[in-house]
Structures are given as C-alpha cells and as structure tokens.
Amino acid sequence: MPVNNGDFIKLEYTGKIIETGEIFDTTHEEIAEENGIHSDKKTYGPLSIIVGGGHVLKGMESELVDMGAGEEKTIQLTPEEAFGERDPQLIQLVPMSEFKKQGIKPQVGMAITSEGNTGIIRSVSGGRVRLDFNHELAGKNLEYQVKVVEIIEDDTEKVKSMIDLHYPQPNLDAEKHQVTIEDDKVVIAMDEMAKFDQRPYMDITMARFRIARDIQENMDIATVEFVDSFTRKEEVEESTEETSTEEVPTEEVPEKLTEEETKEE
C-alpha cells in the first residue's frame with residue numbers, strides 16, 4: 001500500500017550537503033559516529049512522522065507520497081525546497097560593548113540567542129561582532145537517502161509514534177506507554193520514567209500539546225488526556241516494616257520511677 005498524506009510512518013534518512021558531501025543529519029547512530037555528528041541528546045532509530053504534518057521538510061514530504069513500506073529513495077532538494085536562500089538582512093553587526101554588558105566574551109562559532117532567534121558569530125574584529133541569523137543550511141543544495149520503514153496502521157501504535165516524535169527521551173520505553181482509546185477519546189499514561197523528566201514544566205506541556213494536536217488533527221479523536229498516577233508499593237512497605245521489627249530490639253520502659261528507685265539514683 002503506497003504512502004498518502006495523513007499516513008503515520010516510520011522513516012530512516014541520512015542528509016548531506018551536495019556541494020561538500022558533508023553529512024549533517026541521520027537517524028543511524030553508526031553513521032553519526034563515523035561522521036563526527038553523534039549527539040547524546042538525540043534518540044537514534046526510525047523517525048515517526050505524519051506525512052503532510054510538517055514534521056520534515058516539505059520538499060521531502062512530497063517525495064514520500066506513493067512510496068511503499070521498505071522502499072528506499074534518493075531525494076535532492078534545492079535551497080528553496082529546503083532551508084531557503086541566505087538572507088543578507090539576517091546578518092547583523094553588533095558592537096563589542098553590547099557583549100561586555102552581558103558579561104559575554106564573543107568567539108567565532110558561538111551561538112547567541114536574541115529575541116527568540118539563534119545566530120552564529122562569524123567574525124570578531126574592529127570592536128564589532130558579525131552575527132549570522134540565517135539557518136546553517138540556508139543556501140545549500142541537499143540530498144537525502146530515505147527509507148520508509150513502516151506504514152503504521154494500528155491506532156494505538158499511531159498514538160505511541162507521536163509520543164516518540166514529540167517526547168524523545170532515551171530512557172523512555174515505548175512498550176511501557178499505556179494507551180486507551182474509547183470512542184473519540186484517548187487516555188495516555190506514559191512510561192513511569194517520564195515522571196522524572198527534569199526539563200522545564202513549560203517544555204513538557206508543549207510536548208504534550210503537540211502530541212495531542214497531531215492526534216486530534218489526523219485521527220477521529222476529540223479529546224486527549226494525559227494521566228500521571230503514583231501507586232503505593234504495598235509489598236515493599238510490608239517488607240521494610242518486617243525488617244525494622246527484626247533488627248531493632250524492643251524494651252519495656254516504666255511510665256514512672258518509684259520513690260525508692262529515685263532515692264537509689
């Protein structure tokens with residue numbers, strides 16, 4: 001069955017810059033290690049996406065349509081189809097004094113965030129810092145080697161695939177996510193390890209919002225509910241109490257000393 005817009009799929013890919021042959025992104029951990037782009041913060045393996053959901057470049061999405069499960073393909077994208085042409089207006093010269101006010105010593109290659117945008121320092125000279133807010137791949141012709149690993153049909157697996165996409169934590173086990181679908185409602189109880197996520201609360205909330213949005217827009221679902229439950233470990237508590245009783249000897253203590261005992265003291 002060919003891929004259509006709105007399908008949930010698992011995708012493998014490796015992207016490189018055509019002009020230089022440099023590999024800049026991949027779902028394969030071995031390839032990442034071989035090319036010096038491995039990151040401990042990234043979860044490797046097939047990427048779960050919805051075709052047409054804006055999870056990958058539009059130029060790539062259109063090429064995925066009509067592919068079959070297990071099929072591989074080479075996709076070449078122009079800058080217009082990928083990250084756009086470089087925009088000279090996104091290059092700014094900032095006085096060195098502005099960095100000194102913030103206690104920052106600017107260095108070439110350093111990433112700086114300003115008003116929600118991230119720029120890279122390209123040069124530092126003459127008391128001025130040249131900041132480039134273009135995407136690092138802007139103006140580049142790109143090539144992707146892609147493979148449609150699976151077209152997901154099961155509704156429960158579709159929900160889990162969106163958790164994998166928007167909540168990519170290496171210590172989470174997708175098999176431990178509990179998903180209940182009743183009529184037009186989905187109830188999600190994530191792997192218990194999610195309770196120990198130390199990211200800011202807003203980041204976690206946004207991840208859940210994206211999961212819910214994609215499910216609602218691409219499945220016959222009106223409500224997505226996340227459940228956090230904490231179950232008391234009865235067996236552990238009982239065992240602890242028994243151990244405490246055995247190890248700590250008990251001794252009867254008189255409520256009040258008699259007069260004779262007081263004199264003796």
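1. A good place to enter this predicted model is Phe-83, which, once its neighbours within four places in sequence are left aside, is in contact with Leu-57, His-135, Leu-137, Ala-138, Leu-142 and Tyr-144. Phe-83 has its place in the loop between strand S4 (72–77) and strand S5 (91–95), and it counts as partly exposed because its relative accessibility is 29%. The C-alpha atom of Phe-83 is separated by 9.2 Å from that of Asn-141, although the two residues are 58 apart along the chain.

2. For a reader new to the structure, the overall composition helps to place such details. The protein has seven helices and twelve strands, and of its 265 residues 30% are buried. Among contacts between residues at least 6 apart in sequence, 63% join residues that are at least 24 apart.

3. Tyr-144, already met as a contact of Phe-83, also takes part in ring pairs, and the search of the whole structure finds two aromatic pairs. In one of them Tyr-13 and Tyr-144 are arranged edge-to-face, with 6.0 Å from centre to centre and 65° between the planes. This pair links distant parts of the chain, since Tyr-13 belongs to strand S1 (residues 8–17) and Tyr-144 to strand S9, 131 residues apart. Are these two tyrosines, Tyr-13 and Tyr-144, buried or exposed? Tyr-13 counts as buried because its relative accessibility is 10%, and Tyr-144 likewise counts as buried because its value is 5%, where the cut-off for buried is under 20%.

4. The other pair is formed by Phe-24 and Tyr-144, again edge-to-face, with 5.9 Å between the centres and 85° between the planes. Here too distant parts of the chain are linked, with Phe-24 in strand S2 (residues 23–26) and Tyr-144 in strand S9, 120 residues apart. Taken together, the ring pairs link Tyr-13, Phe-24 and Tyr-144 into a cluster. A ring and a charged side chain also come together elsewhere, where Arg-199 lies over the face of Tyr-167, at 4.7 Å from the ring centre.

5. Which residues lie nearest the centre of the largest pocket? They are Tyr-13, Asp-25, Lys-42, Thr-43 and Leu-47, out of a lining of 37 residues, and the pocket itself has a volume of about 1,100 Å³. Tyr-13 is thus named both here and in the aromatic cluster. S1, S2, strand S3 (47–50) and helix H4 (155–166) each supply at least two residues of this lining, whose members divide into 19 nonpolar, ten polar and eight charged.

6. The second largest pocket, with a volume of about 290 Å³, is lined by 16 residues, and those that lie nearest its centre are Met-190, Glu-192, Lys-195, Val-227 and Asp-228. The residues of this lining divide into seven nonpolar, two polar and seven charged.

7. Asn-134 is a loop residue that deserves a separate look, since it counts as buried at 6% relative accessibility. Asn-134 lies between strand S8 (128–132) and strand S9 (142–152). With its neighbours within four places in sequence left aside, Asn-134 is in contact with Glu-85, Arg-86, Asp-87, Leu-90 and Ile-91.

8. Ser-97, by contrast, is found in a helix, H3 (residues 96–101), and it counts as partly exposed because its relative accessibility is 39%. The C-alpha atoms of Ser-97 and Arg-128 are separated by 8.4 Å, while the residues themselves are 31 apart along the chain.

9. Two backbone angles should be checked by eye. Most residues other than glycine have a negative phi, but phi of Asp-66 is near 80°, a positive value. Asp-66 has its place in the loop between helix H2 (58–64) and S4, and it counts as exposed because its relative accessibility is 56%. Phi of Asp-183 is also positive, at near 55°. Asp-183 is placed in the loop between strand S10 (178–182) and strand S11 (185–189), and with a relative accessibility of 77% it counts as exposed.

Note on methods. Residues are numbered from 1 along each chain as its sequence is written. This is a predicted model: local features need pLDDT of at least 70, side-chain atom pairs count only at pLDDT 80 or more; totals for chains, interfaces and linings use all residues. Side-chain values use heavy atoms; hydrogens and water are left out. Helices (H or I, at least four residues) and strands (E, at least two) are DSSP runs, numbered from the N terminus. Buried means under 20% relative accessible area, exposed over 50%, partly exposed in between (1.4 Å probe, protein chains only). Contact means heavy atoms within 4.5 Å. Rings of Phe, Tyr and Trp (its six-membered ring) pair if their centres lie within 6.5 Å; planes under 30 degrees apart count as stacked, over 60 as edge-to-face and the rest as tilted. A charge sits over a ring if NZ of Lys or CZ of Arg is within 6 Å of the ring centre and within 35 degrees of the ring normal. On a 1 Å grid over the protein atoms alone, a cavity is a set of points where a 1.4 Å probe fits but cannot get out, and a pocket is an open set with protein on both sides within 12 Å along at least five of seven lines; lining residues have an atom within 4 Å of a point. Grid points are joined across faces, edges and corners, and a volume is the space filled by probe spheres set on the points. Ala, Val, Leu, Ile, Met, Phe, Trp, Tyr, Cys and Pro count as nonpolar, Asp, Glu, Lys and Arg as charged, and the others, Gly among them, as polar.
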